[in-house]
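Please look over the sequence and the model before reading on. The text below walks through charged side chains and one helix.

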Amino acid sequence: YVSDITRTFLVGNVPSEIKRIYEVVREAQSIGIKTLKAGKSCREVDEAVRSYIESKGYGEFFVHSTGHGIGIEVHEAPTLSPKSNEILKKNMVVTVEPGIYIPELGGVRIEDDCLVLEEGAFVISQLEK
């Protein structure tokens with residue numbers, strides 16, 4: 001089975017907007033992980049993450065889905081996206097990976113692998129953020 005994690009490292013003289021974006025992405029991911037649970041629609045998880053990013057003024061810069069299933073392949077069903085009609089089931093493993101990418105400035109993505117449980121999720125990846 002595969003894993004799929006992403007970290008963004010800020011080094012050197014980092015523009016204040018990148019630092020702000022990092023915190024928005026980190027909180028958006030936390031919201032996504034807290035929203036995961038069996039019986040929840042994938043669309044609802046995406047909406048929770050996307051709404052938070054939009055509320056911070058970065059909606060147009062979040063250009064991909066919130067996450068996807070992983071298993072034998074890196075990208076499997078279900079997809080945590082606004083177009084998804086899928087419902088999360090216990091023991092599915094999905095990524096939660098919001099990102100904000102601003103042309104000519106830079107981007108931030110934080111991604112973790114999560115095991116869907118009856119009442120919540122267990123974050124499998126333990127690499128520091």
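What follows covers the salt bridges, then helix H1, then a charged residue that lacks such a partner. The model is predicted.

The structure contains 6 salt bridges. One of them pairs Asp 112 with Arg 7, whose closest N and O atoms are 2.8 Å apart. Asp 112 belongs to strand S6 (residues 112-117) and Arg 7 to the segment before helix H1 (16-35), so this pair ties together parts that lie 105 residues apart in sequence. Both Asp 112 and Arg 7 are buried.

Another salt bridge joins the side chains of Lys 37 and Glu 119, at 3.7 Å from N to O. Lys 37 sits in the loop between H1 and helix H2 (42-55), while Glu 119 sits in the loop between S6 and strand S7 (120-123); the pair therefore ties together parts 82 residues apart in sequence. Lys 37 has a relative accessible area of 30%, and because the partly exposed class runs between the 20% and 50% limits, Lys 37 counts as partly exposed. Glu 119, at 68% relative accessibility, counts as exposed because this value is over the 50% limit.

Lys 40 and Glu 44 also meet through their side chains in a salt bridge, with an N to O distance of 4.0 Å. Glu 44 is partly exposed, its relative accessible area being 40%. Salt bridges with shared partners also link Arg 7, Asp 112 and Lys 129 into one network.

Next comes helix H1. Its 20 residues reach 29 Å from the first C-alpha to the last, close to the 28 Å expected at 1.5 Å a residue. The buried residues of H1 include Ile 18, Ile 21, Val 24, Val 25 and Ile 33, and among them are also Tyr 22, Gln 29 and Thr 35. The cover over the buried residues of H1 includes H2, strand S3 (93-96), strand S4 (99-102) and strand S5 (106-109), as well as S6 and S7.

The last stop is Asp 4, in the segment before H1. What does Asp 4 have in place of a salt bridge? Asp 4 is buried and forms no salt bridge; Arg 109, the nearest side chain of opposite charge, is 6.5 Å away. A salt bridge needs the nitrogen and oxygen within 4 Å, so a distance of 6.5 Å does not qualify. The side chain of Asp 4 does make a polar contact with the side chain of His 68, at 3.1 Å. Leaving out residues up to four places away in sequence, Asp 4 touches several residues, including His 68, His 75, Glu 97, Glu 111, Asp 112 and Asp 113.

Notes. Residues are numbered from 1 along each chain as its sequence is written. This is a predicted model: local features need pLDDT of at least 70, side-chain atom pairs count only at pLDDT 80 or more; totals for chains, interfaces and linings use all residues. Side-chain values use heavy atoms; hydrogens and water are left out. Helices (H or I, at least four residues) and strands (E, at least two) are DSSP runs, numbered from the N terminus. Buried means under 20% relative accessible area, exposed over 50%, partly exposed in between (1.4 Å probe, protein chains only). The expected span of a helix is 1.5 Å times one less than its number of residues. Contact means heavy atoms within 4.5 Å. Lys and Arg count as positive and Asp and Glu as negative; His and the chain ends are not counted. A polar contact is a pair of N or O atoms within 3.5 Å; within protein, one must be able to donate a hydrogen and the other to accept it, and residues adjacent in sequence count only if both atoms are side-chain atoms.
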